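Trainee: I have a model open and want to test the labels put on it. Can we go through them one at a time?

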Amino acid sequence: MPGIVIVGVQWGDEGKGKATDLLGDSTDWVVKYNGGNNAGHTVVIGDEKYALHLLPSGILSPGVNAVIGNGVVVDLEVLFGELEAIAARGVDTSRLKVSANAHVITHYHRTLDRVSERFLGKRMIGTTGRGIGPSYADKINRVGIRIQDLFDENILRQKVEGALDQKNHLLVKVYNRRAISADEIVDDLLSYVERLRPMVADTSLLLNDALDAGDVVVFEGGQATMLDVDHGTYPFVTSSSATAGGASTGTGVGPNRLDRIVGIVKAYTTRVGSGPFPTELFDEQGEWLRKRGFEFGTTTGRPRRVGWYDAPVARYATRVNGITDLVLTKLDILTGLERIPVCVAYDVDGERFDEVPVNQSDFHHAAPILEYFPGWSEDISAARTFEELPQAAQDYVLALEAMSGTRISVIGVGAARDAVIVRHELVG
């Protein structure tokens with residue numbers, strides 16, 4: 001013990017990689033438990049910047065064991081591409097383990113993702129087109145390909161042929177695309193077997209044994225609470241369990257082994273893709289926030305939608321995840337604003353909602369009720385204690401803490417690895 005879960009509080013891109021890296025020196029294991037290469041972490045170590053999409057960000061910390069759990073869907077081309085890229089920069093990748101029960105993204109998943117999204121037209125969800133949703137759909141429909149299937153060619157071929165029986169009808173007759181041959185898929189997947197074999201393990205057993213031995217295990221969630229398939233802004237969500245509960249289902253580690261739930265929340269709000277976003281800005285101030293915060297997707301490069309801090313969303317995420325600590329990132333981006341708006345509630349057709357509406361239609365029509373806080377002009381990037389922050393910045397943080405339902409334990413004040421203020425330790 002302990003087991004520490006790191007989850008995004010908003011719609012992703014909050015800086016989870018930075019938080020995981022912050023725990024690096026005291027962490028023995030980092031495990032990714034959901035999603036695939038449809039999200040990314042940007043981690044800055046010294047003068048080096050690393051953009052990771054599928055790998056747990058803990059792989060960058062020397063001596064840390066990195067795990068891809070059973071709840072992840074794995075694009076093997078992306079996996080080995082990332083491993084080769086960071087190995088070329090001197091990162092040791094030998095400690096990576098991959099769950100035998102994780103599902104595989106194939107060429108037909110990527111194809112179906114792209115053509116079905118285009119088919120939706122104005123109703124498109126805004127997926128990354130990387131095959132994540134179709135792979136999870138196959139998992140639920142029990143026609144998915146798991147990592148362990150690659151080590152038995154007969155089983156692999158049977159499963160691929162069974163999946164393509166239906167999918168080729170869809171591709172040819174509905175989407176007017178060519179049929180995909182089973183040989184094409186099987187040959188591609190088998191080409192990774194020998195490189196993959198040493199990495200594959202019963203990761204549930206490994207992680208439980210590690211906790212029994214007293215190791216610190218960090219469970220790293222992809223995407224974020226408001227993109228969770230159950231608790232997010234459905235249907236504009238990802239296809240996996242991005243909340244803290246997914247750490248158990250996505251790794252085979254029981255919830256009673258999880259000691260601390262750390263929520264990562266940006267000092268303002270962003271999201272990528274379609275869906276409701278009550279505090280979204282469409283004016284010059286929004287463009288200022290986007291450029292100043294460099295709000296462009298790590299995976300897609302798409303400009304992120306930007307808006308002010310949403311306190312009801314933070315409270316909702318705290319409740320759904322059981323968050324014990326918040327890490328507030330990018331506080332420095334707000335430097336220079338004369339006053340800083342915060343969404344404290346919503347107005348829906350004249351009715352006030354102090355919490356996130358349970359009815360999705362209400363949330364789509366929600367207008368933010370804003371409260372304004374004094375800004376600051378001082379550079380805060382060198383601050384390492386809370387008291388070193390300007391009074392206005394301290395007041396802003398304390399106001400967010402009071403509205404968000406749990407304590408703010410860490411504050412990010414810059415892009416550098418050490419540009420943080422630790423108010424409460426996350427381990428111990």
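Mentor: What follows is a set of questions on labels, each answered from a value and a cut-off. Keep in mind that this is a predicted model.

Trainee: Start with the sheet. Which strands form it, and in what order?

Mentor: Ten strands form an open sheet, in the order β9-β7-β5-β2-β10-β1-β11-β15-β19-β20. The pairing is mixed.

Trainee: What makes β9 and β20 the edge strands?

Mentor: Each pairs on one side only. β9 covers 200-201 and β20 covers 420-422.

Trainee: How do you know that β1 and β11 are paired?

Mentor: Pairing needs at least two bridges. Strand β1 (residues 3-8) and strand β11 (residues 260-266) have five, in the parallel sense. Ile4 stands opposite Arg260 in β11. The count meets the cut-off, so the two strands pair.

Trainee: What about β10, and which strands does it pair with?

Mentor: β1 pairs with β10 over four bridges, in the parallel sense. There, Ile6 stands opposite Glu220. Strand β2 (residues 29-32) also runs parallel to β10, and four bridges join them. In that pair, Trp29 stands opposite Val217.

Trainee: Which way do the side chains of β10 point?

Mentor: Val217 and Phe219 point one way, Val218 and Glu220 the other way. All are buried.

Trainee: Why is Asp75 called buried?

Mentor: Buried means under 20% relative accessible area. Asp75 has 4%, so the label holds. The residue is found in the loop between β6 (73-74) and α2 (76-87).

Trainee: What makes its link to Arg110 a polar contact?

Mentor: The cut-off is 3.5 Å between N or O atoms, one able to donate a hydrogen and the other to accept it. The side chains of Asp75 and Arg110 are joined at 2.8 Å. That distance is within the cut-off, so the label fits. Leaving aside neighbours within four places in sequence, Asp75 is in contact with Asn37, Leu54, Ile105 and Arg110.

Trainee: Why is Asp25 called exposed?

Mentor: Exposed means over 50%. Asp25 is at 76%, so it counts as exposed. Its place is in the loop between α1 (16-22) and β2. Asp25 and Leu389 are 26 Å apart in space, C-alpha to C-alpha, and 364 residues apart in sequence.

Trainee: Leu389 brings us to the core. Which residues touch the most other members of the largest nonpolar core?

Mentor: Leu331, Leu389 and Tyr396 do, out of 57 residues. Helix α13 gives the most to this core, with seven residues. A second, separate core of 41 residues includes Tyr50, Ile68, Val91 and Leu112.

Trainee: What does Tyr396 touch?

Mentor: Not counting residues up to four places away in sequence, Tyr396 touches Ala267, Tyr309, Leu331, Leu334, Ile340, Val342, Phe373 and Trp376.

Trainee: Where does helix α13 lie?

Mentor: Helix α13 (residues 391-404) lies across β15 (325-329) and β19 (407-412). The helix runs at about 140° to β19.

Trainee: Now charges. How many salt bridges are there?

Mentor: The structure holds 22 salt bridges.

Trainee: How do you know that Asp418 and Arg384 form one of them?

Mentor: The limit is 4 Å from N to O. This pair is at 3.8 Å, so it qualifies. Asp418 lies in the loop between β19 and β20, and Arg384 in the loop between β18 (367-374) and α13, so the pair ties together parts that are 34 residues apart in sequence.

Trainee: Why are both called partly exposed?

Mentor: Partly exposed falls between 20% and 50%. Asp418 has 48%. Arg384 has 32%. Both values are in the range, so both take the label.

Trainee: And what about Lys330 and Glu295, buried or partly exposed?

Mentor: Lys330 is partly exposed at 24%. Glu295 is buried at 0%. Their side chains meet in a salt bridge at 2.9 Å, N to O. That is within 4 Å, so this label holds as well.

Trainee: Which residues share a salt-bridge network with them?

Mentor: Salt bridges that share partners join Asp13, Lys266, Glu295, Arg304 and Lys330 into one network.

Methods:
Residues numbered from 1 in each chain as written. Predicted model: local features only at pLDDT ≥ 70, side-chain atom pairs only at ≥ 80, totals over all residues. Heavy atoms only, no water. Contact = heavy atoms within 4.5 Å. Axes fitted to C-alpha atoms, helices over the stretch in contact; angles between N-to-C directions. Buried < 20%, exposed > 50% of the residue type's maximum accessible area, 1.4 Å probe, protein only. Core = buried A, V, L, I, M, F, W, Y, C linked by side-chain atoms within 4.5 Å.
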